[in-house]
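Work through the exercises below with the sequence and the 3D view at hand. Try each task before reading its solution.

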Amino acid sequence: METPVLDAAGRAPLEEVARLRERGPVTRVALPGGVEAWAVTDLALLRPMLVDQRISKDSRQHWTALVDGEITPQWPLYTWVTGASMFNAYGSTHRAMRKVVARGFTARRTRAMEPRVASAVTATLDELAAKNADGSVVDLREVFASSIPVEVICDLLGVPDAQRQDMRRCADTLINTGATREAQGAAQAELRELLGALVRDKRADPAEDLISTVAAELADDEAVSTSNLMLVAGHETTVNLLASAVHLLLTHPHVLAAVRAGEVTWSAVVDETLRVAPPVIYIPLRFAVEDLELGGVAISKGDPIIAVFGAPGRDETVHQDAAVFDPARADRTHLAFGAGAHHCVGEPLARLEAETALPALFERFPDLRLAEPDGDHGQVPGFVANGPARLPAVLGAERAG
């Protein structure tokens with residue numbers, strides 16, 4: 001059976017995931033640059049795999065092809081698997097780095113962010129209202145979904161206002177696995193230069209922010225890579241969560257009516273969006289620390305593995321009518337935030353942002369509608385992220401008061 005090639009441009013990721021699932025719970029796939037890996041799509045395998053100490057994210061220790069020099073910096077996904085942050089760390093190294101980062105995402109720190117999240121939401125809705133003065137079409141992905149998470153994560157990290165748009169531009173390029181190696185390299189170099197300067201500034205003059213924390217406790221390369229990770233992961237997924245939720249609600253008016261009537265909670269809307277339209281499809285890569293077996297498939301030590309986080313929510317063996325958006329369903333199981341040692345530390349903050357921003361948007365603009373309800377809203381580029389590329393909408397009248 002011919003090995004399928006993942007679409008680096010990510011043009012139809014959920015359809016691609018469905019085809020992978022048909023090939024079995026563990027199947028070979030080809031990544032950009034001709035590298036082959038084992039793709040795991042089955043929930044019953046993914047959950048234990050994500051906590052299995054025999055599987056690592058540290059390419060420099062555990063990917064045989066990289067250790068042997070077969071994988072070079074020219075490989076399109078090289079920066080994804082070789083950064084010095086906790087994203088690619090294993091064992092005690094990962095635990096030590098995660099302990100530092102987790103201080104920025106404690107329950108107390110998240111509660112302390114509530115006023116700032118509310119302020120970012122209000123400022124964004126005010127900007128929308130200003131653009132609505134002449135009744136023109138507004139792109140809700142750009143002005144709503146993309147604005148709030150960037151402001152929130154930059155506040156948490158301590159990024160100056162003047163640098164935020166440049167950092168967002170770089171992050172958008174880095175998350176796009178379909179971008180050229182040259183574009184990825186330029187974006188990575190620019191972002192590391194910006195973050196490196198910030199790390200040095202914060203080390204010399206610390207403040208109450210997360211870059212100051214990592215700058216004080218991690219070496220230069222680790223501090224920059226960790227800041228890079230928090231910036232990219234800390235807003236890109238939330239952007240797609242917000243964009244997909246708005247799109248789903250506006251294309252399912254009966255669900256929106258039920259939410260407005262109090263029959264369905266906003267928390268349920270968030271989880272159902274994460275299930276049916278996961279913000280992340282694949283995250284490269286993991287590696288077998290030793291010979292092992294997954295779903296009856298023998299995997300050799302040093303083999304790369306890709307977790308298909310976009311698979312469980314659309315699996316008909318897990319969810320009846322899996323493609324149907326129904327926040328009232330009893331089981332909204334998903335793996336959008338991962339699991340195990342690499343479970344997303346920012347989950348509480350992402351949920352806070354979504355559960356604050358979504359009701360505020362629909363409360364302020366009760367007549368909100370898509371300008372092209374049956375149109376093609378595109379797909380964000382790359383096979384990592386998933387969400388509509390644009391959300392042209394007509395806001396309608398604002399609610400009085």
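The exercises go from the whole chain to one sheet and then to single residues; the model is a predicted one.

**Exercise 1. The chain as a whole**

Task: Describe the secondary structure content of the protein chain, its radius of gyration against the globule rule, and its extent along the principal axes.

Solution.
- Step 1. The protein chain contains 17 helices and 10 strands.
- Step 2. Its radius of gyration is 21 Å, and the globule rule gives 21 Å for 401 residues, so the chain is as compact as a globular protein of that length.
- Step 3. The C-alpha trace spans about 65 × 55 × 40 Å along the principal axes of the chain.

**Exercise 2. Burial, contacts, surface and charge**

Task: What percentage of the residues is buried, and what share of the contacts between residues at least 6 apart in sequence joins residues at least 24 apart? Add the surface and the charges.

Solution.
- Step 1. A residue counts as buried under 20% relative accessible area. Of the 401 residues in the protein chain, 56% are buried.
- Step 2. Among contacts between residues at least 6 apart in sequence, 71% join residues at least 24 apart.
- Step 3. The accessible surface of the chain is about 16500 Å², and carbon and sulfur atoms account for 51% of that area.
- Step 4. The chain has 39 positive and 55 negative charges, and the mean positions of the two sets lie 3 Å apart.

**Exercise 3. Laying out the sheet**

Task: Give the strand order of the open sheet of five strands, and state which strands stand at the edges.

Solution.
- Step 1. The order is 1-2-8-5-3, and the pairing is mixed.
- Step 2. Strand 1 (26-30) and strand 3 (55-56) are the edge strands; each has a single partner strand, so one side of each has no neighbour in the sheet.
- Step 3. Strands of a sheet pair through backbone hydrogen bonds, in either a parallel or an antiparallel sense.
- Step 4. Strand 2 (residues 36-40) pairs with strand 8 in the parallel sense, over three bridges.
- Step 5. Strand 5 (residues 282-288) and strand 8 (residues 304-308) run antiparallel and are joined by four bridges.
- Step 6. Strand 3 and strand 5 also run antiparallel, with two bridges between them.

**Exercise 4. Bridge partners in register**

Task: Which residues in strand 8 are the bridge partners of V40, R286 and F287?

Solution.
- Step 1. On the strand 2 side, V40 has A307 of strand 8 as its bridge partner.
- Step 2. On the strand 5 side, Y282 stands opposite V308, R286 is partnered by I305, and F287 is partnered by P304.
- Step 3. F287 of strand 5 is also the bridge partner of S56.

**Exercise 5. Strands 8 and 5 inside the fold**

Task: How many residues of strand 8 and of strand 5 are buried, and where is the cis peptide bond?

Solution.
- Step 1. Strand 8 is mostly covered, with five of its five residues buried.
- Step 2. From strand 8, P304, I306 and V308 point one way, whereas I305 and A307 point the other way; all are buried.
- Step 3. In strand 5, seven of the seven residues are buried, so the strand is largely enclosed by the rest of the structure.
- Step 4. P284 and L285 are joined by a cis peptide bond, with omega about -10°. L285 lies in strand 5.

**Exercise 6. Three single residues**

Task: Place R351, D321 and P373 in the chain, and say whether each is buried or partly exposed.

Solution.
- Step 1. R351 belongs to helix 17 (residues 347-364). Its relative accessible area is 18%, and R351 is therefore buried under the 20% cut-off.
- Step 2. Leaving aside residues up to four places away in sequence, R351 touches V270, D271, L274, H334 and F337. The C-alpha atoms of R351 and T238 are separated by 8.5 Å, with their positions 113 residues apart along the chain.
- Step 3. D321 lies in the loop between strand 8 and helix 17. Although not a glycine, D321 has a positive phi of about 50°. With a relative accessible area of 46%, D321 is partly exposed.
- Step 4. P373 lies in the loop between strand 9 (369-370) and strand 10 (392-394). P373 is partly exposed, at a relative accessible area of 49%.
- Step 5. P373 and V35 are 338 residues apart along the chain, and their C-alpha atoms are separated by 39 Å.

Technical notes:
Residues are numbered from 1 along each chain as its sequence is written. This is a predicted model: local features need pLDDT of at least 70, side-chain atom pairs count only at pLDDT 80 or more; totals for chains, interfaces and linings use all residues. Side-chain values use heavy atoms; hydrogens and water are left out. The radius of gyration is taken over C-alpha atoms; the globule rule is 2.2 Å times the number of residues to the power 0.38. Buried means under 20% relative accessible area, exposed over 50%, partly exposed in between (1.4 Å probe, protein chains only). Contact means heavy atoms within 4.5 Å. Accessible areas come from the Shrake-Rupley method with a 1.4 Å probe; for residues, only the protein chains shown count as cover. Lys and Arg count as positive and Asp and Glu as negative; His and the chain ends are not counted. The place of a charge is taken as NZ of Lys, CZ of Arg, CG of Asp or CD of Glu. Two strands pair if DSSP finds at least two bridges between them.
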